[in-house]
Amino acid sequence: MANNNQSFGKKFLSIIKAAFKFSLLMFLSSVIIVFLLRWINPVTSSIMVQRQVESIFSGEVDYIKYSWVDYDDCSPYLPIAFVAAEDQNFPNHFGFDVREIKKALRQYERGRRIRGASTITQQVAKNLFLWEGKSFIRKGIEAYFTVLIELLWDKKRILEVYMNIAEFGDMIFGVKMASLASYKKLPAKVSPAQAALLAAVLPNPLRYSIVRPSGYVRGRQNWILKQINSLGGPEYLKEL
């Protein structure tokens with residue numbers, strides 16, 4: 001009986017050691033990858049890979065349209081449009097907007113549909129590294145990568161990556177391809193109204209169209225333009 005207990009104890013200890021080594025490897029790998037992505041532009045993202053796989057299995061194969069553009073090669077109205085639309089406290093928080101989270105929880109307590117409270121950093125973490133869906137496990141991993149990104153990147157880099165990997169339509173990713181596809185112009189030439197329209201479709205880019213905007217999208221575009229003005233325009237992000 002004692003031998004059996006010792007054998008079980010050794011096996012259990014070996015499992016614990018293996019789990020610890022695996023966890024340590026995953027931790028170090030994630031830190032190194034996020035650290036390197038501060039300077040290396042991502043060639044793809046998790047959401048792009050998922051869309052490509054979905055296209056292949058649908059039988060109607062299409063290919064991702066994605067091309068990188070540097071932050072400084074974009075119209076100054078593009079970054080402020082996304083901040084105004086998605087995360088107005090972006091320059092000030094550390095990856096999580098506590099005020100927006102509290103608002104969302106209050107709505108949930110009142111029996112209303114819970115509103116989105118994800119910051120731009122959280123969306124970068126999700127789009128770059130994670131799968132679609134809602135679960136506590138995915139949210140936990142998203143929070144981990146959000147903290148890593150905030151620790152290892154500056155705010156300008158976070159916003160730059162966000163603009164480049166955001167989904168703007170069917171197989172269209174990033175502001176460069178979205179600008180070319182929608183306006184036949186490079187991001188540097190995008191007007192304030194066009195920047196606001198790009199940001200207006202982000203809640204559901206597979207449902208809302210930039211080329212054929214609905215009344216809702218036009219209303220959201222106008223709201224975003226007002227928010228840009230209330231924030232002070234591109235100057236709001238000058239300290240990034």
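**View 1. Val 69 sits in the loop that links strand 1 to helix 3.** Here, helices (H or I, at least four residues) and strands (E, at least two) are DSSP runs, numbered from the N terminus. This is a predicted model, in which local features need pLDDT of at least 70 and side-chain atom pairs count only at pLDDT 80 or more, while totals for chains, interfaces and linings use all residues. Residues are numbered from 1 along each chain as its sequence is written, and side-chain values use heavy atoms, with hydrogens and water left out. Val 69 counts as buried because its relative accessibility is 9%; buried means under 20% relative accessible area, exposed over 50%, and partly exposed in between (1.4 Å probe, protein chains only). Leaving aside neighbours within four places in sequence, Val 69 is in contact (heavy atoms within 4.5 Å) with Cys 74, Glu 160, Asn 164, Val 175, Lys 176 and Pro 187. You can also find Val 161 in this view: its C-alpha atom is 9.4 Å from that of Val 69, although 92 residues separate the two along the chain.

**View 2. Strands 1, 3 and 2, in that order, form an open sheet with mixed pairing.** The edges are strand 1 (65-66) and strand 2 (167-169), each of which pairs on one side only. Strands pair if DSSP finds at least two bridges between them. Between strand 1 and strand 3 (residues 172-173) there are 2 bridges, in the parallel sense. To find one of the partners, start at Lys 65 and look for Ile 172 in strand 3.

**View 3. Phe 168 is among the residues with the most contacts inside the largest nonpolar core.** A nonpolar core is a set of buried Ala, Val, Leu, Ile, Met, Phe, Trp, Tyr and Cys residues joined through side-chain atoms within 4.5 Å. This one has 55 residues, and Leu 78, Phe 82, Val 124, Trp 153 and Ile 224 are also among those with the most contacts inside it. Helix 3 supplies the largest share of the core, 7 residues. Setting aside neighbours within four places in sequence, Phe 168 is in contact with Phe 82, Met 163, Gly 174, Val 175, Ala 178, Leu 198, Val 201, Leu 202, Pro 205 and Ile 210.

**View 4. Helix 5 (residues 120-129) is largely enclosed by the rest of the structure, because 8 of its 10 residues are buried.** Those residues are Ile 120, Thr 121, Gln 122, Gln 123, Val 124, Ala 125, Asn 127 and Leu 128. They pack against helix 2 (46-58), helix 3 (77-86), helix 6 (136-152) and helix 7 (155-165).

**View 5. Gln 123 is a residue of helix 5.** With a relative accessibility of 13%, Gln 123 counts as buried. Not counting residues up to four places away in sequence, Gln 123 touches Glu 86, Ser 118 and Tyr 162.

**View 6. Stepping back from the close-ups, the protein has 10 helices and 3 strands.** From the N terminus on, the elements run α-α-β-α-α-α-α-α-β-β-α-α-α. The C-alpha atoms fill a box of roughly 75 × 45 × 35 Å, taken along the principal axes. Of the 240 residues, 41% count as buried. Among contacts with a separation of 6 or more, 72% are between residues 24 or more positions apart.
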